[in-house]
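The following exercises concern salt bridges, burial and one helix. Please work through each task with the structure in view before reading its solution.

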Amino acid sequence: MTGRAAALRAATRTVRGRTAIATLVIVGLASSVAAVVIVAVLRGLLAEDVAKATRLRVAEVSRQAVDTVVVTGKFRKVFDVPDPDDEFVQVLDSAGRVVGASTNVAGLPAQGSLTPDPVELTGPLAEQPLLLVVSGTVDTPRGPITVLVGHSLDAVKDATKTVAALLTGGLPPLLAVIGVTGWLLTGRALAPVEAIRTEVDAISTSLLDRRVSEPPGGDEITRLAQTMNSMLGRLEQSVQRQRRFVADASHELRSPIAAICQHAEVSLAHPTRCPTSELAATVLTEARRVQQLIDDLLLLARADEHSLDPHREPVDLDDLVFEEASRLRSDTTLRVGTSAVSAGRVDGDPAALRRLLRNLVDNAARHATRRVSLGLAEHNGNVLLTVEDDGPGIPEPDRARVLERFVRLDESRARDDGGSGLGLAIVAELARAHHAGLRIGAGALGGARVELSFLRSTDQA
């Protein structure tokens, strides 16, 4: 019994149970109110019919009383009624005295009220029925008289009682039918939701390729399943990207660490073959490479968390372009063209913009043969930054892919030549944070051309 009660309590906590209970309560209250209204309206209609019939009876008795006075000059003393148990008649003179009555109320004072409105009262007949008393006043040769006719409301009472009993007796079965129907229909409507829940519960990180079934119909549950499948698709892509990210990061970190360990082992085993200064230089180089990789990973992690919100201030982008051009000329033998650089001010984070530009310039220098060209110009309220090289270029199918993380094309997969594969991915994230458009195409020098379109700064002072 305890288990059944616990199961019942658990069922009432479900959406199905709460819906069925709410339906029962609402329908029960509405039905009860409707039943009360129906009984009240029915009683009013039946009582009105009795009042109409009683008014006709008042008119009939009034004619009899007037005819008697006209013929005899006296008030009629006794009036006949069809059913002494259901009706009485009284005739009152102008002073309110009873001058005539039916035998079932003989000797009794006036019953009811002299007002024209019907009045309900209990008695004075032997069975003590509920009566509806109607009055009417007419003139006679001996002065005005008032006729009172009382008629039993037992028929009205019996009819309303029967209807009330039928409604009261029919309400529980009706509620039972509605409750069972609501339970079944709600269960049927929620069955796809439960199926979706079961399928989603069975999906683990190793089964993210699974999808929930989409029921036909195009209703809310279908849209729920479609939204769930879209979410699972995004989750699958995110997990795959995270796994690839971790694997690539581990691979990138393994190389400098292996180099440090190798030189340290050689230095320990053969101090003369690997002196301390050479070991220190190797460790410093590889440590800086690790530091740069960690900084890049941290920046991309912030981008994934949507927390890469740069501090904005007016920045003269042409100054940064000339700085990078000067650095590239001093570090390489490449010819760096800046003749297409004009003034351009944007709103952004100077450090982030400097990093963005450096990544672009380093990427161009890595693939260039002899020349790199930088350009900056204002056009239609935008500031257009371009970086070109005379290298092999980027094939059109790979132009979107190179913006992904740890992506290096075949000719630059060597770590020393191709970098970590994060440079352009960081450029894409920083451009997105600055609401800048990014496009990769073919340049006039024969290699790749990267374009960044910034909104011009509102502060042009």
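A residue counts as buried when its relative accessible area is under 20%, as exposed when that area is over 50%, and as partly exposed in between. The model examined here is predicted.

**Exercise 1. State which residue forms a salt bridge with Arg358, and decide whether each partner is buried or partly exposed.**

Solution.
Step 1. The partner of Arg358 is Glu324, and the closest N and O atoms of the two are 3.2 Å apart. A salt bridge requires a side-chain nitrogen of Lys or Arg within 4 Å of a carboxyl oxygen of Asp or Glu.
Step 2. Arg358 belongs to helix 7 and Glu324 to helix 6 (residues 317-331), so that distant parts of the chain, 34 residues apart, are linked.
Step 3. Glu324 has a relative accessibility of 2% and is therefore buried, whereas Arg358, at 35%, is partly exposed.
Step 4. Shared partners extend the pairing: Glu324, Arg327, Asp331, Arg358 and Asp362 are joined by salt bridges into one network.

**Exercise 2. Describe helix 7 by its span, its N-terminal cap and its buried residues.**

Solution.
Step 1. Helix 7 comprises 18 residues, 350-367. From first to last C-alpha it reaches 26 Å, close to the 26 Å expected at 1.5 Å a residue.
Step 2. The N-terminal end of helix 7 is capped by Asp349, one of whose side-chain oxygens lies 3.1 Å from the backbone nitrogen of Ala351.
Step 3. The buried residues of helix 7 include Leu353, Leu356, Leu357, Leu360 and Val361. Asn359 and Asn363 are also among them.

**Exercise 3. Determine which elements are linked by the salt bridge between Asp316 and Arg345, and classify the accessibility of both residues.**

Solution.
Step 1. The closest N and O atoms of Asp316 and Arg345 are 2.9 Å apart.
Step 2. Asp316 lies in strand 7 (residues 313-316) and Arg345 in strand 9 (residues 345-348); the two residues are 29 apart in the chain.
Step 3. Arg345 is buried because its relative accessibility is 16%, while Asp316, at 29%, is partly exposed.

**Exercise 4. Locate the partners of the salt bridge between Arg43 and Glu120, and state how many salt bridges the structure holds.**

Solution.
Step 1. In this pair the closest N and O atoms are 3.4 Å apart.
Step 2. Arg43 is found in helix 2 (residues 15-72) and Glu120 in strand 4 (residues 119-122), with their positions 77 residues apart in the chain.
Step 3. Arg43 is partly exposed at 29%, and Glu120 is partly exposed at 38%.
Step 4. The structure holds 17 salt bridges.

Terms used: Residues numbered from 1 in each chain as written. Predicted model: local features only at pLDDT ≥ 70, side-chain atom pairs only at ≥ 80, totals over all residues. Heavy atoms only, no water. Helix = DSSP H or I, 4+ residues; strand = E, 2+ residues; numbered from the N terminus. Expected span 1.5 Å × (residues − 1). Buried < 20%, exposed > 50% of the residue type's maximum accessible area, 1.4 Å probe, protein only. Polar contact = N/O pair within 3.5 Å; in protein donor to acceptor, adjacent residues only side chain to side chain.
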